[in-house]
Amino acid sequence: MSQRSVLRPQQQTTGTTPGPPRHRLAHGPLLLPFRGHRYRDGEDLRLEGAPALYVIEQVSQGRTVQRGVIGALDLGSADGSVIPHENIIPAKVDLQYRIARMVHGYPEPIMLASSGGVGARGLAAVTLRAPDQEFTSPEGTTHRLWACTDRDEQRSLTEGLDRAPVLVADGHHRFEAALRCRREFRDRRNADRVPALLVDTDLHPLRLSAIHRWLPNLDPAWAIARLSRGASVTEWHGPARDPVPGEFMLTGKGRTWSVSAVDRGWTDQALARHPSAWRDLDTVILHHLLIDRVWASSRAGEDIRYIHDSAVEHGAPPPEGTLVLLAPPALNHVRDLAESGTRLPHKTTSFEPKPLPWQLYYRWDS
């Protein structure tokens, strides 16, 4: 199993944003052109000649899997126009803040999801010409980049951006770190912005995957025995499969179980002080009911590892403990909760494909 896919948990923040949701659209453009630094033909980072919006494209196995527009997100206009959907881990925000200070900027963009925010005709027109940069990664995905410096072309790329708030799909910790940098480095030119990749999910839907949990201190047979008191538990002997919403797949010591229909009384009691919208979220039930209460005496919550789908698909089963597989939430559910002011627990969602780091580097004093 890849070690890079395994993260340790830290403190979790509250489940809701303070006060009622406030959604307003900025009076100016959210995405602004900037002079990016990028690698050219294997050389060192070079500064672009003129401020630009950048179109990126990823092609895998002959199929376009993503197109989007990268610009400098104006953090002063982001309040109410850019909506985070997930809680953060403070230690990870600190890490991203230290990285930003060390490199005087940001080596990768946060990813924003919108519905109708990108001009389809403008995007298609840009990708008809030869890209300014093209390379193929070791796994076979071709990455292309176009710099768009013409103002009319820039307007055509973001013509729908003022119609609705946009969702932070990936990069919550980088977004929070950027807000911190904006507060602390007001003397740095361009420190009030952060690079952002805007993806129109109507044109190029993002893949929403679950993030699973590995509990190395939890004995699977003991865990199943405890769950059987208030849930439907069935040992699974068929080929490996993904769980459906409302179901957990537990694996350990060569055995797999399907767990569903968790007692509603258990759930109501465990989540009495949490937002009502959380009660149908699998990650909430796993953490606040199963780990914190049902398995509390097992030290299960002392060491939790977060594992993405790709690591589960390509890695060997964990050598010890219990692996809990979850189903991803639906995108419209994620968006509805975010727009109502409710954030999901940290590490609930994984939106893909993600942009590559260092493909385009944003520097504060450029």
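Buried here means under 20% relative accessible area, and exposed means over 50%. Keep those cut-offs handy for the exercises below, and remember that the model is predicted.

**Exercise 1. Thr201**

Work out whether Thr201 is buried or exposed, and list what it touches.

*Solution.* Start with the location: Thr201 sits in the loop between β12 and β13 (207-215). Next, take its relative accessible area, 11%. That value is under the 20% cut-off, so Thr201 is buried. Last, look for neighbours, leaving out residues up to four places away in sequence: Thr201 touches Ala113, Ser114, Ser115, Leu206 and Arg335.

**Exercise 2. Strand β8**

Two of those contacts, Ala113 and Ser114, bring us to β8. Find how many of its residues are buried, which way they point and which strands pair with β8.

*Solution.* Count first: 5 of the 5 residues of β8 (residues 110-114) are buried, so the strand is largely enclosed by the rest of the structure. Then sort them by direction. Ile110, Leu112 and Ser114 point one way, while Met111 and Ala113 point the other way. That fits the general picture: in a regular strand the side chains alternate between the two faces of the sheet.

Now for the partners. With β12 (residues 193-200), β8 pairs in the parallel sense over 5 bridges, and Ala113 has Val199 as its bridge partner there. With β11 (residues 166-170), the pairing is antiparallel and runs over 3 bridges; here Met111 is matched with Asp170.

**Exercise 3. Helix α4**

Compare the span of α4 with the expected value, then name its buried residues.

*Solution.* Helix α4 covers residues 172-184, which makes 13 residues. From first C-alpha to last it reaches 19 Å, close to the 18 Å expected at 1.5 Å a residue. Its buried residues are His172, His173, Arg174, Phe175, Ala177, Ala178 and Cys181. When you look at that list, bear in mind that an α-helix has 3.6 residues a turn, so residues three or four places apart point the same way.

**Exercise 4. The cavities**

Find how many cavities of 30 Å³ or more the structure holds, and describe what lines them.

*Solution.* There are 2 of them. Take the largest, with a volume of about 50 Å³. Its lining consists of Gln96, Ile99, Ala100, Tyr106, Pro107, Glu108, Arg174 and Ala177. Both α1 (90-103) and α4 supply at least two residues each, and α1 gives the most, with 3 residues. By class, you get 5 nonpolar, 1 polar and 2 charged residues.

The second largest cavity has a volume of about 30 Å³. Around it are Ser114, Ser115, Gly116, Gly117, Gly160, Leu161, Ala164, Pro165 and Val166. Sorting that lining by class gives 4 nonpolar, 5 polar and no charged residues. Ser114 and Ser115 should look familiar, as both are among the contacts of Thr201.

**Exercise 5. Two loop residues**

Classify Ile304 and Gln61 as buried or exposed, and give a C-alpha separation for each.

*Solution.* Ile304 lies in the loop between α7 (282-294) and β17 (305-308). At 6% relative accessibility, Ile304 counts as buried. Its C-alpha is separated by 5.2 Å from that of Leu215, 89 residues apart along the chain.

Gln61 belongs to the loop between β4 (53-60) and β5 (63-74). With a relative accessible area of 83%, Gln61 is exposed. The C-alpha atoms of Gln61 and Thr141 are separated by 7.4 Å, and the two residues are 80 residues apart along the chain.

Notes:
Residues are numbered from 1 along each chain as its sequence is written. This is a predicted model: local features need pLDDT of at least 70, side-chain atom pairs count only at pLDDT 80 or more; totals for chains, interfaces and linings use all residues. Side-chain values use heavy atoms; hydrogens and water are left out. Helices (H or I, at least four residues) and strands (E, at least two) are DSSP runs, numbered from the N terminus. The expected span of a helix is 1.5 Å times one less than its number of residues. Buried means under 20% relative accessible area, exposed over 50%, partly exposed in between (1.4 Å probe, protein chains only). Two strands pair if DSSP finds at least two bridges between them. Contact means heavy atoms within 4.5 Å. On a 1 Å grid over the protein atoms alone, a cavity is a set of points where a 1.4 Å probe fits but cannot get out, and a pocket is an open set with protein on both sides within 12 Å along at least five of seven lines; lining residues have an atom within 4 Å of a point. Grid points are joined across faces, edges and corners, and a volume is the space filled by probe spheres set on the points. Ala, Val, Leu, Ile, Met, Phe, Trp, Tyr, Cys and Pro count as nonpolar, Asp, Glu, Lys and Arg as charged, and the others, Gly among them, as polar.
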